[in-house]
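Here's a quick tour of a model you have open on your screen. Grab a coffee and keep the viewer handy.

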Amino acid sequence: MIAAEGATFRAGRRALLADVSLALAPGEVVAVVGPNGAGKSTLLRLMAGEAAPAAGRVACEGRALAAWHPLALARRRAVVSQHVALAFPMRAADVAGLGRLPWHGTPEAARDAAAVERALAAAGVAHLAGRAYATLSGGERQRVQIARALAQLDGAPRPAALLLDEPTASLDARHAAALLALVRRLAAGGLAVMVVLHDLNEAAFVADRIAVLAEGRLVACDAPGRVLTAPVLEGVYGIGFRVEQGGILPRYAECC
Amino acid sequence: MSASLAAPLPRERRALALLPLGLLVLAGAMLAGVLLGPARISAAGLFATLADALGLAPLPAEHARDAAVLGVVRAPRVLMAALIGAGLGAAGAAMQGLFRNPLADPGLIGVSAGAALAAVAAIVLGGSLFGAAAGLVGLWLLPLAAFAGGLLATLLMARLGTVGGVASVATLLLAGVAVNALAGALTGVLVFMADDRQVRDITFWTLGSLAGARWAQLPVVLALVGVPLLLLCALARPLNALLLGEAEAFHLGVRVEAVKRLAVVLAAVAVAAGVAFTGLIGFVGLVVPHLVRLGFGADHRLVLPGAALLGGALLVLADLAARSLAAPAELPVGVVTALLGAPFFLWLLRRRGAGA
């Protein structure tokens, strides 16, 4: 679907990403993990087409992202950023409705209202539709943004991709679990999903494959069981880890 | 405010009411603007004048004075106020949306300061440059200079605010501040050079007035305000996407850089055309979009046309107040809009401070 091949991105002379190759496939969740500053968000921006790689290429359906018209691309992939603050007060339903913008002027626009309703329900925020976005909690806002992305992909030609930047960062355990379950369901429905995560246990739960970034390089990209091992994690994060059947735990006490 | 936002259905119904309601308010304001003032005109006088103008019935002698006041003074003045107010309102709405800042106003993009500098230059240097012909040239020299100065300042700001092909909103804002400061300083130099009569002309120009409105100017203003106004309304959807942020707007398929450039230039043309013929009129572009948002929400498909209609109505009424309050003298209309707008601006600040 969307694939990076040897993608390199520089800010000034510093390489934020070096020679990263990663392909998203329909029906699959790829989690991207790594320390702060490893280049996770940069990789997401490249995969979204927001920035172009200095070397290598990022393509959707075999065509470089820069060659796509932004509207055509918007009908194939949606992105949920980490924090979205509105410039002016809007209702949650209106925020989700913005996801329908790329379909303006197409026959799909006739289904705008239904698509927004479906998206709000799928993201579990139908009951918040009439609320002012600014009055919602961080977790509720995140889910409204996901509803906006789902509304955007409603009616999209398949395969389509959904890119999420740390969607669980402001969620409590219950809402994080619900969101990850939603992500799994979306992938089961045929979406190609890429999700940047900090929590390794969340990554282990949601991902078919985990991509580990460190200092701009792709260290590993494989099934969770093969990637989330103490040697890989200790090499990347520089602290000890205890990996057990039930989960992954940093050895906090050793760091002090 | 949350109570009104919590009710989804009335909002949609209110959206349908925006255009008729706005047109009604504008028509009412224009009617008041035409009939009221130091010289009252009766409805009968208006109808008789209209009938005469349309060739339906000859003008009765008792309405000759009404017809003269209407035809020569009031009608062009009210039409001019409506057009310029509409341009200021829509330009303000577009700039607030583009800069994602509720306190943005068309002055931010340098257009007012640039127009003021050029106008002051025309007032101070025009006489010596054109000598005896100054009186003849003056009628169009000042508007032309102000229009060109406003546009040039905006283009300079856009140029300075663009780094590596990307015009970041923060850089644009800072470039606008710099251009405003520079134009202000150069204006100060010219004021220093001016004689007493010129200083008086400059002062009144910067306070704004619609007293100079002429029929001959209207087609020019209609084109220079009307076309940008319609094009800005066509940018409503991209501006809606920008409510989420620039990256998010791109994710939704918006060519963000192109939209930014287009919106700034359109707003600058609409504002500069008004400033050129009336001088500086503040606060309409700042206040009016907020009034529309309070009633109809942030959707630019409603805010842009709503701000145009309400901006027109507000400037017509402000002008009515300007020529009525101190009759037979006239207050500068910019003073009236500032008297109305500044308290509203403060209320807005306090409301934002309260976390609303």
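What radius of gyration would a compact globule of 256 residues have, and what does chain A have? Keep in mind that we're looking at a predicted model. For a chain of 256 residues, the compact globule would come out near 18 Å, and chain A has 18 Å, so the two agree. Along its principal axes, the C-alpha trace of chain A spans about 55 × 40 × 35 Å.

What is chain A built from? It has nine helices and 12 strands. As for how much is tucked away, 48% of its 256 residues count as buried. Then there's the contact pattern in chain A: take the contacts between residues at least 6 apart in sequence, and 66% of them join residues at least 24 apart.

Now for a couple of backbone oddities. Most residues other than glycine have a negative phi. Here are two residues, neither a glycine, with a positive one:

| Residue | Phi | Place | Other C-beta atoms within 10 Å |
|---|---|---|---|
| A:Asp19 | near 55° | strand β2 (residues 14–23) of chain A | 16 |
| B:Phe283 | about 75° | loop between α12 (256–278) and α13 (284–296) of chain B | 24 |

Is A:Asp19 buried, exposed or partly exposed? With 16 other C-beta atoms within 10 Å, A:Asp19 is partly exposed, because that count falls between the 12 or fewer of an exposed residue and the 20 or more of a buried one. B:Phe283, on the other hand, has 24 such neighbours, so it is buried.

While you're at B:Phe283, look along chain B to α13 and helix α14 (residues 300–324). How do these helices sit together? Two packed helices are described by the angle between their axes and the distance between the axes. For α13(B) and α14(B), the axes come within 8 Å and cross at roughly 125°. That angle makes α13(B) oblique to α14(B). The crossing of the pair is right-handed.

Which residues do the touching? On the α13(B) side they include B:Val284, B:Val288, B:Leu291, B:Val292 and B:Phe296, while the α14(B) side includes B:Leu302, B:Val303, B:Leu310, B:Leu314 and B:Leu315. B:Arg293 of α13(B) takes part too, as do B:Gly306 and B:Gly311 of α14(B). Sorted by type, the residues of this contact are 12 nonpolar, two polar and one charged.

How values were computed:
Residues are numbered from 1 along each chain as its sequence is written. Chains are lettered from A and ligands numbered from 1 in the order in which they are written. This is a predicted model: local features need pLDDT of at least 70, side-chain atom pairs count only at pLDDT 80 or more; totals for chains, interfaces and linings use all residues. Helices (H or I, at least four residues) and strands (E, at least two) are DSSP runs, numbered from the N terminus. The radius of gyration is taken over C-alpha atoms; the globule rule is 2.2 Å times the number of residues to the power 0.38. Two residues are in contact if their C-beta atoms, placed from the backbone, lie within 7 Å. Axes are lines fitted to C-alpha atoms, for helices over the stretch in contact, and angles run from 0 to 180 degrees between N-to-C directions. Angles under 35 degrees count as roughly parallel, over 145 as roughly antiparallel, 65 to 115 as roughly perpendicular and the rest as oblique. A crossing is left-handed if the near helix is turned anticlockwise from the far one by less than a right angle, and right-handed if clockwise. Ala, Val, Leu, Ile, Met, Phe, Trp, Tyr, Cys and Pro count as nonpolar, Asp, Glu, Lys and Arg as charged, and the others, Gly among them, as polar.
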